[in-house]
Amino acid sequence: MTEIRNIFCVGRNYAAHAKELQNEVPEQPMIFSKPTHAFIHANGNSITIPKDRGEVHYETELVIRIGKSFQDGMRAEEVIEQMAIGLDLTLRDVQNSLKEKGHPWLLAKGFPNAAVISDFIPFEGIEACKRNNFSLWKNNEQVQSGNIRLMIFDFQTIIEYCASNLGLGEGDIIFTGTPEGVGTITPGDQVEMLWGNKILGSCTFS
Ligand code: ZN
């Protein structure tokens with residue numbers, strides 16, 4: 001499996017999702033991160049989720065993996081090496097109470113197994129990405145589908161913003177935001193993560 005370094009995530013990068021959670025659309029990328037302990041490869045395995053901290057939500061996202069250190073002036077397509085479908089698992093009740101207090105989201109977004117990632121495939125280029133939807137199927141029903149055409153901040157903007165504020169190098173991955181349709185995951189749910197018609201990852205939650 002591909003080595004993972006920093007895990008960055010973009011919040012509220014699809015207007016319809018910001019709206020469904022009654023959040024404002026941000027004027028610049030909203031970035032948060034997850035500890036590497038959150039990372040788990042979905043390869044038909046069973047993945048444990050928290051059971052005593054309220055609702056666990058899936059957020060299906062296109063994940064890009066950076067292949068080289070970003071230097072000013074580089075294009076996104078030069079630095080993105082691979083891509084995958086990811087689930088940014090979120091303890092939604094915990095997040096809501098943290099938001100109310102103005103506290104960081106880390107406890108809601110950073111628990112072990114909170115970054116579920118399919119197999120990586122070579123990055124196909126931005127235009128190719130726009131021709132395919134990514135989607136999540138839960139218990140044999142499609143529950144979420146998205147296309148990067150609908151992102152508020154594109155790959156170039158996200159990459160430059162992460163690089164200048166946080167640093168960006170080989171092995172870093174970025175969850176690029178979820179479209180609308182987030183919902184709950186409960187033990188026993190079985191999911192498939194699709195790129196177009198191709199299943200890149202699957203797992204059962206326990
Ligand atoms: Zn997310």
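Let me begin with a hairpin: strands β11 and β12 form one, with two residues between them, and N139 in the turn has a positive phi of about 50 degrees. Before going on, please note that this is a predicted model.

The hairpin strands cover residues 134–138 for β11 and residues 141–146 for β12. They pair in the antiparallel sense, over five bridges. If you want one pairing to look for on the screen, take W137, whose bridge partner in β12 is Q142.

Back to the turn. N139 sits in the loop between β11 and β12, and its phi is positive although the residue is not a glycine. Is N139 buried, partly exposed or exposed? Its relative accessibility is 38%, so it counts as partly exposed, given that buried means under 20% and exposed over 50%.

There is another asparagine to put beside it. N113 has a phi near 75 degrees, again a positive value in a residue other than glycine. Its place is the loop between α4, residues 106–109, and β9, residues 115–117. N113 has a relative accessible area of 16%, and therefore it is buried.

Next, the small sheet. It is an open sheet of three strands in the order β8-β5-β14, and the pairing is antiparallel. Which strands stand at the edges? They are β8, residues 90–91, and β14, residues 183–185; each has a single partner strand, so one side of each is left without a neighbour in the sheet. Strand β5 covers residues 56–58 and pairs with β8 over two bridges. Within that pairing, H57 of the chain stands opposite T90 in β8.

Now the metal. Which residues are the protein donors of the zinc ion? They are E59 and E61, each through OE, and D88, through OD, at 2.0 to 2.1 Å from the ion. Along the chain, these donors follow the spacing E-x1-E-x26-D. Both glutamates, E59 and E61, are buried.

E59 comes up again in the next topic, the cavity. The structure holds one cavity of 30 Å³ or more, and the volume of the largest cavity is about 110 Å³. Its lining is made of 17 residues, and those nearest its centre are R12, H17, E59, W105 and K109. By type, the lining divides into four nonpolar, six polar and seven charged residues. Two elements, β1 (7–11) and α3 (92–101), each supply at least two residues of that lining. Helix α3 gives the most, with three residues.

Last, the aromatic rings. In general, a pair of aromatic rings is described by the distance of the centres and the angle of the planes. The structure holds two aromatic pairs, and I will show one of them. The ring centres of F123 and F155 are 6.2 Å apart and the planes stand at 65 degrees, so this pair is edge-to-face; the cut-off for that label is over 60 degrees. The pair links distant parts of the chain, with the two residues 32 apart in numbering. F123 lies in the loop between β10 (121–122) and α5 (126–131), while F155 belongs to helix α6, residues 155–166. How accessible are the two? F123 has a relative accessible area of 14% and is buried. F155 also counts as buried, at 2% relative accessibility.

That is the tour; I will take questions now.

How values were computed
Residues are numbered from 1 along each chain as its sequence is written. This is a predicted model: local features need pLDDT of at least 70, side-chain atom pairs count only at pLDDT 80 or more; totals for chains, interfaces and linings use all residues. Side-chain values use heavy atoms; hydrogens and water are left out. Rings of Phe, Tyr and Trp (its six-membered ring) pair if their centres lie within 6.5 Å; planes under 30 degrees apart count as stacked, over 60 as edge-to-face and the rest as tilted. Helices (H or I, at least four residues) and strands (E, at least two) are DSSP runs, numbered from the N terminus. Buried means under 20% relative accessible area, exposed over 50%, partly exposed in between (1.4 Å probe, protein chains only). Two strands pair if DSSP finds at least two bridges between them. On a 1 Å grid over the protein atoms alone, a cavity is a set of points where a 1.4 Å probe fits but cannot get out, and a pocket is an open set with protein on both sides within 12 Å along at least five of seven lines; lining residues have an atom within 4 Å of a point. Grid points are joined across faces, edges and corners, and a volume is the space filled by probe spheres set on the points. Ala, Val, Leu, Ile, Met, Phe, Trp, Tyr, Cys and Pro count as nonpolar, Asp, Glu, Lys and Arg as charged, and the others, Gly among them, as polar. Donors are N, O and S atoms within 2.8 Å of the metal (3.2 Å for Na, K and Ca); water is not among the atoms, so sites may look incomplete.
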